[in-house]
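Student: I would like to go through this model one interaction at a time, with the reasoning spelled out for each answer. Could we begin with the charged side chains and then move on to the packing of helices and strands?

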Amino acid sequence: MDNNKVMIVGTGNVGASIAFAALNQRTAINEIILTDIVAEDAEGEAMDLRDALAVSPSYVKISNGTYKDAKDCDVVVITAGIPQKPGESRMELLDKNVKILKDMITQIMASGFDGIFLVVSNPMDVLTYFTLKFSGLPAERVIGSGTVLDSARLKERTANYLNVNPKSVHAYQVGEHGDSELTLWSLADAGGQKITELLDEESRNNISDFVKNEAYEIINRKGATYYGIATCVIRILNSILNDELRILPVSSYDSFSGTCFGWPSVVGRKGIIRRLDLQISEKEGMELQKSINALTKAIKSCKNI
């Protein structure tokens with residue numbers, strides 16, 4: 001297709017912030033279609049965003065539309081669904097959001113859509129799995145935002161301890177985007193120096209706990225998280241549309257476990273080019289299996305789908 005046209009489904013805090021982030025940096029996106037179950041909300045967001053075009057760094061055609069407009073889109077970003085409330089886990093959203101998702105994907109595929117799905121709604125890994133199931137698309141073309149945001153939090157927090165720029169820290173949070181996620185400390189480095197040699201175990205544990213729980217802390221204070229994830233979604237979209245072949249810990253289908261979870265993968269124009277084969281520690285392997293088990297259990301709990 002190569003129109004560099006993106007549909008954002010859901011114009012709540014996350015969907016609107018993704019569109020806003022696209023305007024405020026150089027992106028490969030040429031056109032954004034906003035759609036929401038409340039059509040007036042999508043129209044209002046499009047109007048508000050268009051007001052920035054005369055002064056924004058990027059010129060992006062912005063309009064509101066319906067699922068039928070997905071036909072010639074390169075990527076459809078799914079942010080719609082019932083948001084996470086204070087004190088609620090991402091998994092507690094599951095049944096409500098899978099039902100919403102099925103109707104949404106069915107209508108989008110009926111438009112003739114033949115691009116890439118990028119799933120952001122929670123519980124994101126399970127919804128990525130069901131998007132794959134409902135759409136019938138090849139596995140490489142169904143991607144979840146994965147642990148890209150979690151890894152960004154990890155880099156920022158670790159950089160704080162080391163007093164360096166977060167962009168100089170190379171580290172991954174993997175597994176479920178949720179309570180069972182884990183840090184691959186065995187592979188983490190800053191400027192070629194292993195983080196395990198720069199920080200003691202207590203500091204590393206404190207960082208991992210912070211990363212895992214920060215979303216809850218933000219939700220308790222302001223009700224939702226959206227700036228961080230919006231910026232991460234633009235990073236993923238740029239890698240797809242520019243065929244950057246960037247390694248990102250997105251969520252995609254793992255044929256060995258039969259689930260989708262965040263794992264460093266090469267992301268390009270065709271979607272997931274490949275998931276990396278990494279040598280992790282035995283302890284990390286056991287933690288990852290626990291995370292996969294939690295996701296498998298969640299997928300199996302959806303009996304009425």
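Student: In helix α9, what separation along the helix lies between E287 and K283?

Tutor: In this predicted model, the side chains of E287 and K283 meet in a salt bridge with an N to O distance of 3.2 Å. Both residues belong to helix α9, which spans residues 282-301. Because they are four residues apart in that helix, the separation is about one helical turn.

Student: Is K283 buried or exposed?

Tutor: Its partner E287 has a relative accessible area of 28%, which makes E287 partly exposed. For K283 the relative accessible area is 56%, and since the limit for that class is over 50%, K283 is exposed.

Student: How many residues apart in sequence are the parts that D114 and R141 tie together?

Tutor: D114 forms a salt bridge with R141, and the closest N and O atoms are 3.3 Å apart. D114 lies in the loop between α3 and β5 (116-119), whereas R141 lies in the loop between α4 and β6 (142-144), so the pair ties together parts whose separation in sequence is 27 residues.

Student: Within that pair, which residue counts as buried?

Tutor: D114, with a relative accessible area of 45%, is partly exposed. R141 has a relative accessibility of 18%, and because buried means under 20%, the residue that counts as buried is R141.

Student: Which helices does the salt bridge between E214 and R153 link?

Tutor: The side chains of E214 and R153 meet at 3.2 Å, N to O. The pair links distant parts of the chain that are 61 residues apart, and the two helices are α7 (residues 201-222), which holds E214, and α5 (residues 148-162), which holds R153.

Student: What is the relative accessible area of R153?

Tutor: R153 is the partner of E214 in a salt bridge. R153 is also buried, and its relative accessible area is 8%.

Student: At roughly what angle do the axes of α3 and α4 cross?

Tutor: Two packed helices are described by the distance between their axes and the angle between them. The axes of α3 (residues 94-110) and α4 (residues 124-135) come within 9 Å. The crossing is right-handed, and its angle is roughly 35°.

Student: How many nonpolar residues are there in the contact of α3 with α4?

Tutor: From α3 the contact includes L94, V98, L101, I105 and M109, and from α4 it includes V126, L127, F130 and F134. N97 and K102 in α3, together with T131 and S135 in α4, also take part. By class, three residues in this contact are polar and one is charged, while the number of nonpolar residues is nine.

Student: Which strands stand at the edges of the open sheet of three strands?

Tutor: The strand order is β7-β10-β11, with antiparallel pairing. β7 pairs with β10 (residues 189-190) over two bridges, and H170 stands opposite D189 in β10. Two of the strands each have a single partner, so one side of each is left without a neighbour in the sheet, and these edge strands are β7 (169-170) and β11 (193-194).

Student: What relative accessibility does T147 have?

Tutor: T147 lies in the loop between β6 and α5. Leaving aside residues up to four places away in sequence, T147 touches Q173, V174, G175, E176, H177, P249 and G262. T147 counts as buried, with a relative accessibility of 0%.

Technical notes. Residues numbered from 1 in each chain as written. Predicted model: local features only at pLDDT ≥ 70, side-chain atom pairs only at ≥ 80, totals over all residues. Heavy atoms only, no water. Pairing = 2+ DSSP bridges. Axes fitted to C-alpha atoms, helices over the stretch in contact; angles between N-to-C directions. Left-handed = near helix turned anticlockwise from the far one by under 90°. Contact = heavy atoms within 4.5 Å. Nonpolar A, V, L, I, M, F, W, Y, C, P; charged D, E, K, R; others polar. Salt bridge = Lys/Arg side-chain N within 4 Å of Asp/Glu carboxyl O. Buried < 20%, exposed > 50% of the residue type's maximum accessible area, 1.4 Å probe, protein only.
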